[in-house]
Amino acid sequence: MALPPIAKATLQAALISAGSNVLAQGITSYRDGTHFELDTQTLFQFTTSALILSPLTFLWLEALESRFPGFEQRESEKGKKERENQPKINVWNTVAKIVVDQVIGGAWNTVAFIATMGMLRGHDYEVIKSDILNNFFPFMLAGLKLWPFVSILNFTVVPADQRLLVGNLFGVVWGVYLSLMAA
């Protein structure tokens with residue numbers, strides 16, 4: 001029995017998040033010159049966060065594609081059989097999708113990650129609110145160095161059903177960054 005796409009994407013995200021957290025713990029251990037000892041609580045928190053947030057990201061990407069279809073089918077051109085029915089990129093929709101994803105999706109994801117990690121760590125509302133206020137802009141600014149590139153790649157080259165996977169693969173780098181920042 002095949003898993004539904006949202007479940008498959010969520011499991012991929014959880015595994016990639018777990019891997020990036022272990023990698024970040026290894027980097028921290030190496031950087032500090034200490035013996036590596038896996039922090040299973042932190043690993044659990046990052047993996048659980050991915051299990052919670054990835055389905056929402058999957059639905060977000062589907063909604064963006066539905067609202068701003070990135071490609072339109074071309075009418076076949078006479079004498080050019082190799083180009084028949086090739087999709088043509090809708091530049092306006094693709095640019096709109098990238099901007100909406102970076103501004104709204106990026107902000108939402110940042111707040112959701114900080115809040116989820118705070119809850120998984122047992123922090124109360126005031127601590128989570130303070131974490132959001134203190135970390136939102138540094139995370140968003142750091143994200144602008146990676147995620148616009150990923151959005152452009154995803155919305156122009158990657159098929160819609162593979163976008164979360166591609167995002168998750170780039171998320172290894174981002175996950176290491178978040179793990180190091182949230183430590």
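Is tryptophan 147 buried, exposed or partly exposed? I looked this up and found tryptophan 147 partly exposed, with a relative accessible area of 21%. The cut-off for buried is under 20%. I note that the model is predicted.

**Entry: overall layout**

I counted the elements of the chain and got 6 helices and 2 strands. Reading along the sequence, I wrote down the pattern α-α-β-β-α-α-α-α. The chain has 183 residues, and buried residues make up 39% of them. I then took the contacts between residues at least 6 apart in sequence and found that 70% of these join residues at least 24 apart.

**Entry: the tryptophan pair**

I went back to tryptophan 147 and looked for its ring partner. Tryptophan 147 forms an aromatic pair with tryptophan 174, and the pair is edge-to-face. The ring centres are 6.1 Å apart, with 80 degrees between the planes. Tryptophan 147 belongs to helix H5 (residues 147-156) and tryptophan 174 to helix H6 (residues 163-182), so the pair ties together parts 27 residues apart in sequence. I also checked the partner: tryptophan 174 has 15% relative accessibility and counts as buried.

**Entry: the phenylalanine pair**

How many aromatic pairs are there? I got a count of 5 aromatic pairs. In one of them, phenylalanine 113 and phenylalanine 139 are tilted, at 6.5 Å centre to centre and 45 degrees between the planes. I placed phenylalanine 113 in helix H3 (residues 91-120) and phenylalanine 139 in helix H4 (residues 125-143), so this pair ties together parts that are 26 residues apart in sequence. Phenylalanine 113 counts as buried at 11% relative accessibility. Phenylalanine 139 is buried too, with a relative accessible area of 6%. I followed the ring pairs further and found that they link Phe46, Phe113 and Phe139 into a cluster.

**Entry: H1 against H2**

I looked at helix H1 (residues 5-32) and helix H2 (residues 40-67), which pack at an angle of about 145 degrees with their axes 8 Å apart. Their crossing is right-handed. I listed the residues of the contact, among them Pro5, Ala9, Ala13 and Gln25 of H1 and Thr42, Phe46, Phe58 and Leu59 of H2. Sorted by class, the contact of H1 with H2 has 14 nonpolar residues, 7 polar and no charged. Phe46, which I had noted in the ring cluster, is one of the H2 residues in this contact.

**Entry: H3 against H5**

I turned to H3 and H5, which pack at an angle of about 145 degrees with axes 10 Å apart. The crossing of H3 and H5 is right-handed. H3 contributes Thr94, Lys97, Ile98, Asp101 and Gln102 to the contact, and H5 contributes Trp147, Pro148, Ser151, Ile152, Phe155 and Thr156. I sorted these into 5 nonpolar, 4 polar and 2 charged residues. Trp147 thus appears in my notes both in this contact and in the edge-to-face pair.

**Entry: two single residues**

Which residues does asparagine 168 touch, not counting residues up to four places away in sequence? I found Ala9, Gln12, Ala13 and Ile16. Asparagine 168 lies in helix H6 and counts as buried, at 13% relative accessibility. Ala9 and Ala13 were already on my list for the contact of H1 with H2.

Last, I checked arginine 67. Arginine 67 lies over the face of phenylalanine 68, at 4.9 Å from the ring centre.

How values were computed. Residues numbered from 1 in each chain as written. Predicted model: local features only at pLDDT ≥ 70, side-chain atom pairs only at ≥ 80, totals over all residues. Heavy atoms only, no water. Axes fitted to C-alpha atoms, helices over the stretch in contact; angles between N-to-C directions. Helix = DSSP H or I, 4+ residues; strand = E, 2+ residues; numbered from the N terminus. Left-handed = near helix turned anticlockwise from the far one by under 90°. Contact = heavy atoms within 4.5 Å. Nonpolar A, V, L, I, M, F, W, Y, C, P; charged D, E, K, R; others polar. Phe/Tyr/Trp six-rings, centres within 6.5 Å; stacked < 30°, edge-to-face > 60°. Buried < 20%, exposed > 50% of the residue type's maximum accessible area, 1.4 Å probe, protein only. Lys NZ or Arg CZ within 6 Å of the ring centre and 35° of its normal.
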